[in-house]
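Trainee: I am new to this structure and would like to learn how to read it step by step. Could we begin with the pocket and its lining?

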Amino acid sequence: MTSLDSFTGLDGLDHDDGLPPLLRRPEAVEDPQPVARLRRVRSALLKNPDVSLDEAAANVVTSGAVDPLRLQALVAAEPFGLLTAKPVVGGTLYATAPHPRYLDLDVLPDIINQRWAGQLHTAMDVVPSPFLATVYETLTDATSGEPRAVFTVRMRDRKALAQAVAESMHQTFYAQKGENDYTQSVLQQGVKEPLTLFVVRVVYDDGSEDTFLVTGDGNSRLMSMWLARTGGDIHAAVSACIASVIGSLDHPGARSRTEQGQARRRTVELTMRTRKNLAAATMTEATRREGHTLAFPAVVVVGARADGGGPLADLVAARDDLLANLHVHVTPWTRGAQNTQGMQRVYRHALREGLISSDVYRVLSGTVGAQEMHDLLGVPAHRLWAASVHQHVLLAGPGAYAMNRLVKQEFGMARADRQRISERLAPMALSAYRSQEGIEQALRAFGNGGTITDRVWKQPWTLTQGSDVSEVLDDVLDCALVGETGAVAELTVLGGTAAILDGYITRDRGSKEGTDRNSRTAPFRITPVNLLDALAKTAGGLRMLHSIARAHVAADPAVWPKQFHTQDREVDGQLVRDGEPVLDKTREQVIIDYEWDLVYAADPARAMATIAKNSRGPLESEAEDVRQRRLLASGVSSAFEAARSLARMHKSRGPEVFGHVDTVDELRAQLRQAEEILLRFGPSRASFLLDEDEEGEE
C-alpha cells in the first residue's frame, strides 16, 4: 500500500489551489529528544499514583512530547502532579494538561471509531471487516490481573492496521458532507484546540505487540493536519500518515527499534528544515504547511480509577462517556452507531456481571466467524444463528430481566418495551448482515418489534445445537409442531429473522395496503411482531417460517420458501387443513414471493374482507374517454410494477423469470407501439410552435 519512502516532503506535490490568509505564523519547534534522555520523564510518569500504564505505554506518552521536561512536571508525584481528573461513568480518568506533541511520532486516528460503528462489518459477515476486531478492549496486566488505562485491539498484521487507519481517515473526511475538514483553519493558524489521546496496544496475529496513541476526540483535526501537510489530497494524507507512523507494510510484526529510530530522525530533519525556513525573509508554502503541522496540542489519558478507588474495569465505556461530555451532540453520527455503541457497553457489563460467558461475548462482539461460533457454542455455523444468539441473550428466560435492566440503565429508559428493545438491538442482531443489499429495510422492520412475540420475550427457550443446518431446522420444526413452547419461540426467532432479512416481513408503516398480490403491497397492515405471533400459533405458519429459514440458509436459486394453509377452511369447494401445502391448479406447491403472501396467510378472512373493502369499480357516469384513460394509466402502472418485480427476481432466478424470449420481444413491440401512438396522437408540450398550415400562410 505504502512504504517509509512514499512520503519525503512537499517537493513535487500538486497542492490544493491557493492558501487561506495567514492569521498566525508557525512557531519554531525543537528537535525530538533522544530516547535515552527520556528515562527520567518515563520514571516520573510511572511513579505518579494516578497513572496506570505499563512501560511500553509510558514510552509512547513520553517519546512524542515536544517538551519532555514540561511533561515530567505535569506527571511528577512530588510535590504535586498536574494531572486533570475527568469524572466518567464508573470512576475517573486522569489526563495530562495540554502539551505539544509531534504529529509524526506514534499518533494514529481512532482506528475503530464508534461514530460509524453502525456500518462496520464484523468477522461473521460474508464481506468481512478489513480488521479482525470491531471494538477496543481494556488491557489487563498479565502479572497482576489489574486493568490498565490502555486499550488493546487485535490486528492481523501491519497491513490490517494500515487499512483501519485508511478507513478511519476516509470516513472522517467524507462524513457530514465534508464539514469535518479543517484544513483551511490549520493552514491559517495551526491547531489550537487540544486533541484527547488514549494509549492503544495493537496485538498482531504473530504474537508481536506495538503501542500507539489514538485520538479519542480530535479525529477531524488530526486528519486535517495530514491534509494540510500533503496538499489537500485525502489519499496522499492517508499514505503519509501510514508511512510516518506505522512504517513499512512489507515488514511483519511490530516496529523495530531501527524503524522507530528512523522515524525520529526524519522528524529531526523536518524540525531543522522548518526552523531554518522560518528564519528566512519570505515564508514559502512548504514552510507554512510543515510549520503548522509539526506539532499539535494534546491531552493524554494516562490513568483510570473506579469509584471505589481500585482500577477502572471498563476503559471503553469511560472513553465513550468522556467524549459525550466533550461534545454538545452525542458522539456517534447516526442512530444506528449510537445503538451499536450502547449495546456493546451492555454486553461488556453483562460479561462482568456473569450474565454471559466469554465465548458468548466473543460471538456478540463480532470478532469470530461462523465456524468459530460453532466451535464455541455448538450452534450451526451460519450467520443466521449469530443473529439469534443476540436475541437469545437479550430476550430468553430469566436472564432477560437482568439484560432488560442493563439496557434501561445504558439508554436512560424508565421502561423498556418491545419497540425500544428491538430498536436498540437491531443493528447488533443484524450486524453479520451489514454488507447485504437493502439491509436498511431489514433494520427498520427488526426495530419495529422484530421477533419479540409473547412466546419469545422473557420465556425459557434455547438454541438447538448441531452441525447440519437443515437437520437442526427440521428438529426444531418437529418439536414446535407438537407444541413445545421453547421450539416455537426458537423457530419464531430463526424464521422471523430470515423473513425480515429476505424482505418477506417489512416495517408496518412501510407496507402499502393493496388489493394486488405484488411486492411492497399487503392485503392489510400488520406489524412484524404481530404477524409472527399470528403465524407461530398455527401449524401452517410454523411450516412457512421453517421453509423461509431453510431457503435463507440454502442461498440456492432452486430452494424457495413454500406456502402452507394456516386454517381449516374450504378453498374452491375443497376442504384444506392447517399445515397442508397450498397447491396451484397443476398441483404444485405455491412459492412465497412477497410479504403479501405471509400477511394473507396469517389471517385469510381478514385479508379477504380488506380486499373487498378496498376494491372499487368505475363510476357509473364515467365517460368513455375517462374510462379509457384510467385503463391506460392502470395498465402502464401494472406493467411497470410487474417489470420491476421480475427484475428483482432476476437476481436470484435468472432471466427465465421473464418468460420465453419470443414473448419478451412481443411485449417490447407492443410497448413501442403504444409509445408511438401517444407520441403521434397525444398532446405536445411544444404548443408554442406554429403548425404546418400557419407556416404556409406567409
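Mentor: For sorting a lining by class, Ala, Val, Leu, Ile, Met, Phe, Trp, Tyr, Cys and Pro count as nonpolar, Asp, Glu, Lys and Arg as charged, and the others, Gly among them, as polar. The model is predicted, so local features need pLDDT of at least 70 and side-chain atom pairs count only at pLDDT 80 or more, while totals for chains, interfaces and linings use all residues. Residues are numbered from 1 along each chain as its sequence is written, and side-chain values use heavy atoms, with hydrogens and water left out.

Trainee: How many nonpolar, polar and charged residues does the lining of the largest pocket have?

Mentor: A pocket, on a 1 Å grid over the protein atoms alone, is an open set of points where a 1.4 Å probe fits, with protein on both sides within 12 Å along at least five of seven lines, and lining residues have an atom within 4 Å of a point. Here the lining of the largest pocket has 14 nonpolar, 12 polar and 13 charged residues. Helices are DSSP runs of H or I with at least four residues, strands are runs of E with at least two, and both are numbered from the N terminus; by that numbering, α24 gives the most to this lining, with six residues.

Trainee: Which residues have the most contacts inside the largest nonpolar core?

Mentor: In soluble globular proteins, nonpolar side chains tend to be buried together. A nonpolar core is a set of buried Ala, Val, Leu, Ile, Met, Phe, Trp, Tyr and Cys residues joined through side-chain atoms within 4.5 Å, where buried means under 20% relative accessible area, exposed over 50%, and partly exposed in between, with a 1.4 Å probe and protein chains only. The largest core has 83 residues, and those with the most contacts inside it are M343, Y347, W385 and L598. Its largest share, 10 residues, comes from α19.

Trainee: Which parts of the chain does the salt bridge between R319 and D110 tie together?

Mentor: A salt bridge is a side-chain nitrogen of Lys or Arg within 4 Å of a carboxyl oxygen of Asp or Glu, and the structure holds 27 of them. In the bridge between R319 and D110 the closest N and O atoms are 2.3 Å apart. R319 lies in helix α10 and D110 in the loop between β4 and β5, so the pair ties together parts that are 209 residues apart in sequence. Both R319 and D110 are buried.

Trainee: Where do R255 and D210 lie?

Mentor: Their side chains meet in a salt bridge, 3.0 Å from N to O; R255 lies in the loop between α7 and α8, and D210 in strand β8.
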